[in-house]
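Here are a few exercises to work through with the viewer open. Try each task before reading its solution.

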Amino acid sequence: MTSRRHLPPFWLMALGLVAVAVNLRTAMASVPPVVQTIGADLGLSNAALGALTTLPVLCMGVFAPVAQRVAARIGAAGAIEVSVLCVAAGLALRLGGGHVWLLYAATFVAGVGIAIGGTLLPGLVKELFPPQRAGLVTGLYMLAMMGGAGAASALSVPLQERLGSWEASLGSWSVLGVLGALAWIPVWRGHTRHRAANPMVVAPARLPWGHVTAWLVAAYLAVQSVEFYSSLAWIAPTYRARGWDPTHAGYLLSAFTAAQLVSGLLAPALTDRVHDRRVLLVASSVLGLLGQAGLWLAPGGAPWAWATVLGLGQGAAFALGLVLMVDYAATPAASARLAGMAFLFSYGLASLGPAAMGAVRDATGGFDAVWMSLTLLMAAQLAVAFALRPSLRKIS
């Protein structure tokens with residue numbers, strides 16, 4: 001057992017984790033409430049606007065394996081410091097988003113940062129925190145991430161009105177990135193001292209492509225991510241198209257993300273009591289199915305209920321996906337390799353979701369086909385959830 005005396009106190013590490021995690025969704029969640037204004041100003045199609053949410057997700061897939069190489073050179077905690085600085089820089093560059101090329105370049109830079117941080121954090125949770133607190137810490141991670149998304153979706157329109165432009169609204173979220181970088185410095189320094197005092201044998205950096213368990217985890221995350229990022233991108237525009245004003249459409253998206261705060265904190269905590277993860281995985285998928293079906297079949301009936309139920313399902317589903325990357329890995333290094341493979345595959349596919357749904361909307365002239373497609377896709381998430389048995393062989 002390695003010594004923990006070189007690490008910062010638990011509360012300080014948890015604070016740094018929260019400060020970083022809150023930045024991992026703001027780049028995406030801040031766009032949908034103002035997306036129609038962006039499209040009108042820049043003359044972009046719905047598919048092109050969907051790409052503003054798609055691009056960070058694509059980066060999360062493509063650059064997930066790169067995170068391992070960066071971590072091997074400067075340490076995992078140092079790589080996370082670089083990642084949150086990339087997010088801050090990318091969001092700040094959105095101040096010049098009136099130029100189409102700069103808007104997409106800024107989104108790309110932020111996406112690279114999100115990819116590195118999101119890939120390495122699960123492994124660091126396994127390494128830095130006691131095993132009996134893994135569920136609590138994962139819940140805090142989810143709470144921060146979804147809290148950042150909820151704040152971004154709720155405040156984007158008010159910030160636009162207060163600051164005078166959508167560019168300033170999107171760029172203002174870089175402040176959170178700067179705060180995250182500052183809060184992570186003690187964790188970075190403590191982790192460096194910890195690794196120096198407890199040298200570890202570096203495991204091969206190869207991703208577990210030949211491992212059946214890794215493919216099941218990747219498949220689960222792929223379907224869940226398509227569902228989540230497509231919903232994130234198109235809930236607010238769906239109700240803008242139904243005549244809602246931008247502020248209330250943004251609040252509806254916030255209800256979706258706020259519900260994830262509850263289920264994202266609760267679901268990992270329940271894993272300490274529920275050994276067979278399928279119980280929680282299936283329950284979260286059923287909630288997601290009900291929310292998607294409501295948005296498809298009765299969008300005007302109870303939109304706040306549908307958004308909330310969908311958020312409860314998606315928040316729990318994603319949080320449980322993070323737990324799976326710890327459950328099915330024998331070591332922190334294996335967890336990071338599993339995350340690299342799972343994110344490369346799942347986010348590579350998920351990146352197609354928002355833009356594809358935008359193309360469906362362009363082709364059909366409405367959003368009914370979008371929500372029908374996402375409802376039918378939920379059947380695949382349920383099928384994979386049933387396959388994730390506790391007895392699956394771990395990645396080593």
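**Exercise 1. Find what sits at the start of α12, then check the length of that helix.**

Solution. Keep in mind that this is a predicted model. Begin at the N-terminal side: a side-chain oxygen of D245 comes to within 3.0 Å of the backbone nitrogen of T247, at the start of α12. Next, take the helix itself, residues 246–270, which makes 25 residues. The expected span uses 1.5 Å times one less than the number of residues, so α12 should cover 36 Å. Finally, compare with the model: the end C-alpha atoms of α12 are 37 Å apart, which agrees.

**Exercise 2. Describe the overall build of the protein chain: what are the helix and strand counts, and how does the radius of gyration compare with the globule rule?**

Solution. Count the elements to start with: the protein chain has 17 helices and 0 strands. Its radius of gyration is 20 Å, close to the 21 Å from the globule rule for 396 residues, so the chain is as compact as a globular protein of that length. For the dimensions, the C-alpha atoms fill a box of roughly 60 × 45 × 35 Å along the principal axes. Now look at the packing: 57% of the 396 residues count as buried. Of the contacts between residues at least 6 apart in sequence, 86% join residues at least 24 apart. As for the outside, the accessible surface is about 14700 Å², and carbon and sulfur atoms hold 69% of that.

**Exercise 3. Work out the surroundings of S153: is this residue buried or exposed, and which side chain does it meet in a polar contact?**

Solution. Place the residue: S153 belongs to helix α8, residues 134–163. Its relative accessibility is 1%, and the cut-off for buried is under 20%, so S153 counts as buried. Then look for a polar partner, and you'll find the side chain of S254 at 3.1 Å. Leaving out residues up to four places away in sequence, S153 touches A29, P33, G250, L253, S254 and T257.

**Exercise 4. How many salt bridges are there, and which residues does the R277 bridge tie together?**

Solution. A general point helps here: side chains of opposite charge can pair when their charged atoms come close. The count comes to 2 salt bridges. One of them pairs R278 with D276, with the closest N and O atoms 2.9 Å apart. R278 is partly exposed at 26% relative accessibility, and D276 is partly exposed at 23%. The side chains of R277 and D327 also form a salt bridge, at 2.5 Å from N to O. R277 lies in the loop between α12 and α13, while D327 is in helix α14, so this pair ties together parts 50 residues apart in sequence. R277 counts as buried, at 15% relative accessibility.

**Exercise 5. Compile the contacts of V326 and of T119.**

Solution. Start with V326, found in helix α14 and buried with a relative accessible area of 17%. Setting aside residues up to four places away, V326 touches P122, K126 and S335. V326 also lies 8.9 Å from L338, C-alpha to C-alpha, with their positions 12 residues apart in sequence numbering. Move on to T119 in helix α7, residues 100–128. T119 is buried, with a relative accessible area of 0%. Beyond its neighbours within four places in sequence, T119 contacts A64, A67, Q68, A336, A339, G340 and F343.

Notes. Residues numbered from 1 in each chain as written. Predicted model: local features only at pLDDT ≥ 70, side-chain atom pairs only at ≥ 80, totals over all residues. Heavy atoms only, no water. Helix = DSSP H or I, 4+ residues; strand = E, 2+ residues; numbered from the N terminus. Polar contact = N/O pair within 3.5 Å; in protein donor to acceptor, adjacent residues only side chain to side chain. Rg over C-alpha atoms; globule rule 2.2 N^0.38 Å. Buried < 20%, exposed > 50% of the residue type's maximum accessible area, 1.4 Å probe, protein only. Contact = heavy atoms within 4.5 Å. Areas by Shrake-Rupley, 256 points an atom, 1.4 Å probe, with all protein chains shown as cover. Salt bridge = Lys/Arg side-chain N within 4 Å of Asp/Glu carboxyl O.
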